[in-house]
Amino acid sequence: MEVMSTSPSNPPPPEGAHCASSGCCACEGESTPMVLSTPAAESGWREFRIATMDCSAEEADIRRALDKIDGIAALRFQLGARVLGIRASQAALPLALDAIRGAGYDPRPVTAALADASGAEHDHETAPQVSRLVWALVLALLAELIGFFSPDTVVFKGLGMAVAAAAIALAGMETYRKGWAALRMGKLNINALMTVAVSGAFVIGQWPEAAMVMALYALAELIEARSVDRARNAIQGLLDLSPRQADVQQADGSWRVTPVAEVRVGQRVRIRPGERVALDGVVLQGHSAVNQAPVTGESIPVDKAPGDEVYAGTINTSGELSITVSALVGDTTLARIIHAVEEAQGSRAPTQRFVDRFAAVYTPAVFVIAMAVAGGLPLLGMASWMEAAYKALVLLVIACPCALVISTPVSVVSALASAARRGILIKGGTYLEQARSLRVVAFDKTGTITQGQPRLVARQAWGDGDALRVDRLAASLAARSDHPVAQAIAQGLPGEFLDVTHVEALPGRGMRGQIGGQTLVLGNHRLIEELGLCHADLEARLQVHEAQGCTVTVLADGQRVLGVYAVSDTVKASAHEAMVELRALGVHCVMLTGDNQATAQAMALEAGIDEVQGHLLPQDKLAAIEALRSRHGTVAMTGDGINDAPALARADIGIAMGGAGTDTAMEAADVLIMNDDLRRIPELIRLSRRTHAVLWQNITLALGIKAVFLVLAVLGSASMWMAVFADMGASLMVVANGLRLLQGPRV
């Protein structure tokens with residue numbers, strides 16, 4: 001059975017924040033690697049909302065319940081949205097739903113309206129939950145007063161037990177239902193522990209405490225869930241930045257305000273000054289400055305003119321713009337960012353996997369200790385049976401692993417959200433944690449270190465050919481490539497383009513095509529050498545241009561060189577500062593490029609990069625990444641083109657330029673820099689190191705508090721009240737500490 005873990009609107013189990021009214025325990029299995037597309041309404045998928053499923057513990061319970069059912073092809077957990085997707089046969093689906101109910105969960109079919117309003121429904125569900133808790137606390141307090149002040153008679157004792165039972169029922173029915181289900185399956189999670197502890201306390205006559213413990217526990221769960229929702233909703237809230245309606249031109253030329261869900265690709269939309277862009281599109285008419293902070297993390301407005309792209313959620317600050325819609329509402333760049341972060345929340349980080357494994361051993365171990373206390377102390381004459389049972393029950397409450405289990409997910413979710421706000425899209429908790437250990441970052445040149453918008457600075461017809469004819473051939477061939485250097489040649493040469501057939505890309509070298517039956521190549525120095533067309537005079541000319549930092553492209557047919565074209569690019573303003581910051585962090589910077597060594601050296605010197613490797617084909621970059629890893633340790637590759645995709649995939653962390661990058665590079669990468677600002681890379685490393693520190697602070701805090709109260713419980717100095725407050729306090733402290741990461745990377 002295929003298992004995909006996703007999160008709100010699209011993908012995996014969130015780096016699992018805490019479970020509301022549920023038990024956190026170790027979750028088995030790993031999430032499937034994510035993709036950057038949204039699985040909107042794929043055929044065969046049925047979705048169900050489960051209100052009490054919001055962390056990896058519930059995912060593990062449900063997966064275990066469905067494991068033995070034949071006919072289930074795949075599962076998709078969207079924990080942030082509390083939605084489970086099932087792809088199963090018609091016969092298997094009812095069996096699956098029955099199994100989920102048997103595990104203590106209530107699956108309800110998801111409608112489109114429900115999916116669009118998951119946040120509103122969550123608020124709607126919380127109101128009666130708060131009301132029940134208020135009444136449960138009132139009744140628990142009344143039970144305490146009856147137990148303390150009333151005469152020790154059957155009538156008052158019966159009244160007190162009835163009031164306590166009512167408080168437990170109001171606060172803990174969900175806990176009981178899931179606890180008994182866990183015990184039936186032999187699973188010791190927090191629901192099972194609380195079920196045993198509260199029931200045991202009630203049986204041994206501690207019914208006032210049993211009622212108060214359950215009420216306080218339910219209150220703590222609600223507070224934790226709402227606190228963790230802050231981290232989960234930090235990115236989801238970006239969706240609210242996109243308007244729900246757009247001003248769309250109709251077939252008769254009139255304009256009408258239309259819901260964005262009804263707008264189709266190719267329609268024309270008008271955006272007035274001060275309005276937010278409703279959908280991705282290309283500017284048809286108008287000039288304006290657009291604030292792209294929601295997408296790129298930069299609040300400095302970017303000038304937009306006809307032909308430029310605009311993104312949903314960005315703000316049109318000055319002139320009116322008319323755009324042609326290029327993406328539906330669910331496929332906008334902003335929506336894809338949000339979906340990708342949600343998916344990243346499901347890829348559990350190494351620290352979280354460690355905690356899950358630890359909790360899987362820790363919880364049963366404490367249960368065994370509690371049983372030993374209950375049976376051993378009376379046999380050793382150290383306590384009565386009632387006293388020993390009470391101590392054991394206190395131990396069970398203290399042993400609740402909630403604080404420990406949520407110590408990592410809430411921190412990771414907060415860090416992922418804050419990074420996305422800064423234009424750093426991290427595709428998983430693994431990469432977030434791994435970034436702190438980077439020892440070397442390799443960079444492609446064109447479009448990564450440089451602006452990627454070079455211009456033609458020199459051209460020369462070689463030999464006795466017609467210069468105008470040669471230029472027209474070169475421009476026509478270059479126009480068929482999307483490489484920045486080729487585009488600069490096409491834009492820098494006058495005249496109309498000729499028809500080109502049999503176009504073929506030569507990765508790392510250039511391209512080939514036919515014009516009027518003549519086969520031509522347009523490529524770099526390496527290609528001309530491989531074709532045997534590079535002679536002394538040409539070599540001297542190429543070296544002159546390369547020494548000036550230009551990228552040289554040569555046009556040739558099968559027998560001779562026809563023209564030479566020099567293109568120059570400029571280093572990004574952020575490059576030098578980024579290299580300084582990376583060196584301060586102890587990271588070695590390297591340039592890996594297919595360009596010639598002289599050009600690369602000139603650009604590297606300007607950017608502040610010490611090590612340069614030029615003349616690299618895609619496979620050479622792979623070998624360079626392996627060599628850097630063996631020399632330095634953990635390696636990141638930063639690039640933007642198709643040629644960089646293999647190296648991005650091979651590196652420990654692949655970082656793609658999200659603005660200028662190709663789709664292939666962005667899919668291969670683990671981190672996207674949405675505004676192409678290289679300073680985001682040292683930010684990523686600093687955030688990773690800060691997140692790692694917070695993770696271990698939380699683990700230490702959770703285990704430290706548990707250890708102190710476990711000792712107090714064994715010594716008989718801890719009550720069930722103290723146990724609940726210890727558990728609640730530890731959980732709230734690790735949540736609050738993790739939420740500090742929402743403040744964003746330190747810059």
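**Exercise 1. Decide whether Cys550 counts as buried or exposed in this predicted model, and do the same for Cys589.**

Solution. Cys550 has a relative accessibility of 5%, and the cut-off for a buried residue is under 20%. Cys550 therefore counts as buried. For Cys589 the computed value is 4%, so that Cys589 likewise counts as buried. As the structure is a predicted model, these values describe the prediction. A separate step concerns sulfur pairing, for which a pair of cysteine sulfur atoms would have to lie within 2.5 Å; a search of the whole structure finds zero disulfides.

**Exercise 2. State how many helices and strands the protein chain has, and what share of its residues is buried.**

Solution. The protein chain contains 26 helices and 27 strands. Of its 747 residues, 56% count as buried. Turning to the surface, the accessible area comes to about 29,400 Å², and carbon and sulfur atoms account for 58% of that area. For the contacts, one takes those between residues at least 6 apart in sequence, and among these 71% join residues at least 24 apart.

**Exercise 3. Work out what span helix α16 should have at 1.5 Å a residue, and compare this with the distance between its end C-alpha atoms.**

Solution. Helix α16 covers residues 467–478, which makes 12 residues, and the expected span is 1.5 Å times one less than that number of residues. The expected value is 16 Å, and because the end C-alpha atoms are 16 Å apart, the two agree. At the N-terminal end, Asp466 acts as a cap, with a side-chain oxygen 3.1 Å from the backbone nitrogen of Leu468. The buried residues of α16 are Val470, Asp471, Leu473, Ala474, Ala475, Ser476, Leu477 and Ala478. Among the elements that cover these buried residues are the helix α17 (484–492) and the strands β17 (455–461), β19 (510–515) and β22 (561–568).

**Exercise 4. Explain why strand β14 is described as largely enclosed, and identify strands that pair with β14.**

Solution. Strand β14 spans residues 321–325, and four of these five residues are buried, so the strand is largely enclosed by the rest of the structure. Strand β8 (residues 268–271) pairs with β14 in the antiparallel sense over four bridges, and within this pairing Arg270 has Ser322 of β14 as its bridge partner. Strand β9 (residues 281–285) also runs antiparallel to β14 and is joined to it by four bridges; here Val282 has Thr324 of β14 as its bridge partner.

Methods:
Residues numbered from 1 in each chain as written. Predicted model: local features only at pLDDT ≥ 70, side-chain atom pairs only at ≥ 80, totals over all residues. Heavy atoms only, no water. Buried < 20%, exposed > 50% of the residue type's maximum accessible area, 1.4 Å probe, protein only. Helix = DSSP H or I, 4+ residues; strand = E, 2+ residues; numbered from the N terminus. Contact = heavy atoms within 4.5 Å. Areas by Shrake-Rupley, 256 points an atom, 1.4 Å probe, with all protein chains shown as cover. Polar contact = N/O pair within 3.5 Å; in protein donor to acceptor, adjacent residues only side chain to side chain. Pairing = 2+ DSSP bridges.
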